[in-house]
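Visitor: I've got a model open and I'd like to learn how to read it feature by feature. Could you walk me through it?

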Amino acid sequence: MKQITRMRKAVCIMANELKKAGYSLSQAFKTAWKRVKFSMTIRAAGTTFGNRQERLSFLKQFNPGDLSVTLEREPDNKYDNNAIQIVVHIHSLSRRTVIGYVPKELAQELAKVIDMGIQVKASLMQVIGGYSYKETLGALINIAI
């Protein structure tokens, strides 16, 4: 029963944010239910900032199953008060590293859900890119509520 209540709460919060973004009420709820019912795969934003390319290059050597991911709110971010960091935990080294952020459009909805204390799970699907000397690396993250 708790699971259903948590899901409904997440849907209402996300639908409300989508409505503010210009969706019709009907479309906002349909989109929110899809996001909550099924997992979402996103490409991490901000992966070229600072030394994140080196971090992603380092992470390529690990099996994604040996890593865990947490989404951590960063309300004091000077560019976006809805910012959500993507933090990868390397268990074998007892280390953690920030590899990027949840894209701004989704973070606007997801931040409210996280702030309400609803658990959001994430996992690293794979590090992508890096095929030639100019190609930058990125990360595909799976998010489930």
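Guide: Sure. Keep in mind that this is a predicted model. Let's begin with helix H2, residues 25-37: its 13 residues reach 18 Å from the first C-alpha to the last, close to the 18 Å expected at 1.5 Å a residue.

Visitor: Which residues of H2 are buried?

Guide: A general idea helps here. An α-helix has 3.6 residues a turn, so residues three or four places apart point the same way. In H2, the buried ones are Ala 28, Thr 31, Ala 32 and Val 36. They sit on the same side of H2, because they cover an arc of only 130° around the axis.

Visitor: And which residues are exposed on the other side of H2?

Guide: Lys 34 and Lys 37 are exposed there.

Visitor: Let me try the same reading on helix H4. What should its twelve residues span?

Guide: At 1.5 Å a residue, H4 (residues 104-115) should span 16 Å, and its end C-alpha atoms are 16 Å apart, so the two agree. For burial, look at Leu 106, Ala 107, Glu 109, Leu 110, Ala 111, Val 113 and Ile 114, which are buried in H4. After H4 comes Gly 117, with a positive phi near 85°.

Visitor: How do I read a positive phi in general?

Guide: Check the residue type. Most residues other than glycine have a negative phi, and most peptide bonds are trans. Gly 117 is one case of a positive phi here; Ser 94 is a positive case in a residue other than glycine, with phi near 50°.

Visitor: Where is Ser 94 placed?

Guide: Ser 94 is in the loop between E3 and E4. That hairpin has four residues between its strands. Ser 94 is also exposed, at a relative accessible area of 64%; the cut-off for exposed is over 50%.

Visitor: In what sense do the strands of that hairpin pair?

Guide: Strand E3 (residues 84-90) pairs with E4 in the antiparallel sense, over six bridges. To find your place in the pairing, use Ile 90, which stands opposite Arg 95 in E4.

Visitor: How many residues of E4 are buried?

Guide: For strands, the general idea is alternation. In a regular strand the side chains alternate between the two faces of the sheet. In E4 (residues 95-101), five of the seven residues are buried, so E4 is largely enclosed by the rest of the structure.

Visitor: What about strand E6, covered or not covered?

Guide: Strand E6 (residues 137-144) is mostly covered, with six of its eight residues buried.

Visitor: Which strands pair with E6?

Guide: Strand E1 (residues 40-43) pairs with E6 in the antiparallel sense over four bridges. Strand E5 (residues 121-129) also runs antiparallel to E6, joined by eight bridges. Asn 142 is a handy landmark: in E6, Asn 142 is the bridge partner of Thr 41, and Ser 123 stands opposite Asn 142 too.

Visitor: Now pockets. What volume does the largest pocket have, and what lines it?

Guide: The volume of the largest pocket is about 260 Å³. Its lining includes Ala 45, Gly 46, Phe 49, Arg 52, Asn 77, Tyr 79 and Asp 80. Further along the chain, Ala 83, Ile 84, Tyr 101, Val 102 and Lys 104 also line the largest pocket. By class, that lining has seven nonpolar, two polar and three charged residues.

Visitor: How do I compare separation in sequence with separation in space?

Guide: Put the two numbers side by side for a few pairs. Glu 74 and Ile 84 are ten residues apart in sequence and 5.7 Å apart in space, C-alpha to C-alpha. Glu 74 lies in the loop between strand E2 (67-73) and E3 and counts as partly exposed, at 21% relative accessibility.

Visitor: And how far apart in space are Met 125 and Asn 63?

Guide: Met 125 and Asn 63 are 9.7 Å apart in space, C-alpha to C-alpha, with their positions 62 residues apart in sequence. Met 125 belongs to strand E5 and is partly exposed at 38% relative accessibility. Now take Phe 58 and Val 120, 62 residues apart along the chain: their C-alpha atoms are separated by 26 Å. Phe 58 lies in helix H3 (residues 52-59) and counts as partly exposed, at 38% relative accessibility.

Conventions
Residues are numbered from 1 along each chain as its sequence is written. This is a predicted model: local features need pLDDT of at least 70, side-chain atom pairs count only at pLDDT 80 or more; totals for chains, interfaces and linings use all residues. Side-chain values use heavy atoms; hydrogens and water are left out. Helices (H or I, at least four residues) and strands (E, at least two) are DSSP runs, numbered from the N terminus. The expected span of a helix is 1.5 Å times one less than its number of residues. Buried means under 20% relative accessible area, exposed over 50%, partly exposed in between (1.4 Å probe, protein chains only). The arc is that of the directions from the helix axis to the C-beta atoms. On a 1 Å grid over the protein atoms alone, a cavity is a set of points where a 1.4 Å probe fits but cannot get out, and a pocket is an open set with protein on both sides within 12 Å along at least five of seven lines; lining residues have an atom within 4 Å of a point. Grid points are joined across faces, edges and corners, and a volume is the space filled by probe spheres set on the points. Ala, Val, Leu, Ile, Met, Phe, Trp, Tyr, Cys and Pro count as nonpolar, Asp, Glu, Lys and Arg as charged, and the others, Gly among them, as polar. Two strands pair if DSSP finds at least two bridges between them.
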